[in-house]
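Hi,

Here is the structure I promised to send over. Have a look at it first, and then read on for my notes.

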Amino acid sequence: MDADKIDIAIIDALKKDARTSFREIARLLKVSPDTISNRFERLKKEGVIINSTVVIDPSLIGYSFITRFGINVKPAYSAQVLEKIIQLPSVIVASKLVGSHDVIAISVVKDFPHLCGLRDTILEMPYVEKVEVGMWIETMELCPHYFLI
Amino acid sequence: MIETTSCIDHHMSENEIDKIDIQILRLLQGDARRSFKEIAKQCKVSADTIKNHYNVMIKKGIIRGTTIVIDPKQLEKKYLVFIGIQVTHPYSDQILNMVKRISGMCVVTRAIGRYDIEAIAIQDDIEKIGITKSTISDFQQVKNVDVDILVDKPLLCPKNFELD
């Protein structure tokens, strides 16, 4: 088994269940647990693995729907806005964007007052010029392990 | 980490998650590989208690699983893109199904707002993004397609979901 294949196998196993023990992955790949551990640390260091996290069903803890915010900011201030956005509770994921918006944020929302509050909070952030809202209905996850929703 | 109790009591009845559940979720959100022993130490209860709470949350479906978030750019030199589609009304599920079948689609949804359908997809290269855009544009009833490319690595909220 070559180097890349081990990396891919580790990623595949952890994508399905981030709590899989290194010993178990090692046994499947017929390598030592230390190899898996070293590879895992390297993948994290290189930024291939960004994070490991628990996937919560938002509908069971009081959230109703998902909303996407398309945010336009003053040129060259995307990073500052992104940093603020990602601190908002309820925002699942956010990223810089190239296209019609500068920053995208995807958030879980409890109800309409909550949605309005989130929108206002983003609008009041320095450098934010415009916020566009898209509420998601009947959301289908086709590949849940790639993009965390 | 948990400061107010009145707020948690409210959640407990409404959402059936308690103080320990919240602490478990918070710790696992930051690092899903944390051991039950380590979580137990932080919550000042036994590891078995943590394990039981975790299993109950799995059974109830509150925890759907654990996963790693990878940067597709780093791994396969791929792009994550957001696709917003405007259609003429009334529109059928046909468009939705057509978009769903395009390779690389991660999330496809009906939407209320500027777009009628929104999607997030993984695409191999800029050329592929162009092909995907024209495939969608060619479809009858589609008025406009906007494609935005996510740059840098996507960030995850460190405390997503207001649990407490």
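To start with something simple: what percentage of the 149 residues in chain A is made up of buried residues? The answer is 40%. Please keep in mind throughout that this is a predicted model.

**How far to trust it**

For the complex, the predictor gives an ipTM of 0.76 and a pTM of 0.77. Chain B has an average pLDDT of 84, and 85% of its residues score at least 70. The weak spot is residues 1-14 of chain B, where the pLDDT is below 50. In the model that stretch has 15 contacts beyond near neighbours in sequence. I'd be careful there, because predicted coordinates should not be read in detail where pLDDT is low.

**Chain A overall**

Chain A has five helices and five strands, and along the sequence they come in the order α-α-α-β-β-α-β-β-α-β. Chain A is more spread out than a compact globule, because its radius of gyration is 19 Å, well over the 15 Å that the globule rule gives for 149 residues. Taken along the principal axes, its C-alpha atoms fill a box of roughly 55 × 35 × 20 Å.

The domain assignment splits chain A into domain 1 (3-45) and domain 2 (58-136). Their centres, taken over C-alpha atoms, are separated by 34 Å. As for the contacts in chain A between residues at least 6 apart in sequence, 60% of them join residues at least 24 apart.

**Chain B overall**

For chain B, the assignment gives domain 1 (6-60) and domain 2 (72-149). The C-alpha centres of these two domains of chain B are 38 Å apart.

One strand to look at in chain B is β2(B). Eight of its nine residues are buried, so β2(B) is largely enclosed by the rest of the structure. It runs antiparallel to β4(B), and seven bridges join the two. If you want a pair to click on, L80(B) has I122(B) in β4(B) as its bridge partner.

**Where the two chains meet**

In the contact between the chains, 58 residues of chain B touch 58 residues of chain A. On chain B's side, the elements that each supply at least two residues include the helices α1 (6-15), α2 (19-30) and α5 (72-76). The strands β1 (63-70), β2 (79-87), β3 (105-113), β4 (117-123) and β5 (142-156) of chain B each do so as well. Which of them gives the most? That is β5(B), with 11 residues. By type, the residues on the side of chain B that touches chain A divide into 32 nonpolar, 10 polar and 16 charged.

The chains also pair strand to strand. Strand β1 of chain A (residues 49-56) runs antiparallel to β1(B), with seven bridges between them. Within this pairing, T53(A) stands opposite T67(B), and S52(A) has I68(B) as its bridge partner. Is β1(A) largely enclosed or exposed? Six of its eight residues are buried, so β1(A) is largely enclosed by the rest of the structure.

**Two residues to zoom in on**

The first stop is R68(A), which is found in strand β2 (residues 65-73) of chain A. You might not expect an arginine to be labelled this way, so here is the count: R68(A) has 24 other C-beta atoms within 10 Å and is buried. Leaving out residues up to four places away in sequence, R68(A) touches I104(A), I106(A), G134(A) and W136(A), as well as E118(B) from the other chain. The C-alpha atoms of R68(A) and V91(A) are 9.4 Å apart, with these positions 23 residues apart along the chain.

The second stop is Y115(B), in the loop between β3 and β4 of chain B. Y115(B) counts as buried because it has 23 C-beta neighbours inside 10 Å. Setting aside neighbours within four places in sequence, Y115(B) is in contact with G84(B), I85(B) and Q86(B), and across the interface with G134(A). Its C-alpha atom is separated by 9.3 Å from that of I83(B), 32 residues away along the chain. Notice that G134(A) turns up in the contacts of R68(A) and also in those of Y115(B).

Cheers

Note on methods: Residues numbered from 1 in each chain as written. Chains lettered and ligands numbered in written order. Predicted model: local features only at pLDDT ≥ 70, side-chain atom pairs only at ≥ 80, totals over all residues. pLDDT = per-residue confidence, 0-100. Contact = placed C-beta atoms within 7 Å. Helix = DSSP H or I, 4+ residues; strand = E, 2+ residues; numbered from the N terminus. Rg over C-alpha atoms; globule rule 2.2 N^0.38 Å. Buried ≥ 20, exposed ≤ 12 C-beta atoms within 10 Å, placed from the backbone. Nonpolar A, V, L, I, M, F, W, Y, C, P; charged D, E, K, R; others polar. Pairing = 2+ DSSP bridges. Domains from an automatic or database assignment.
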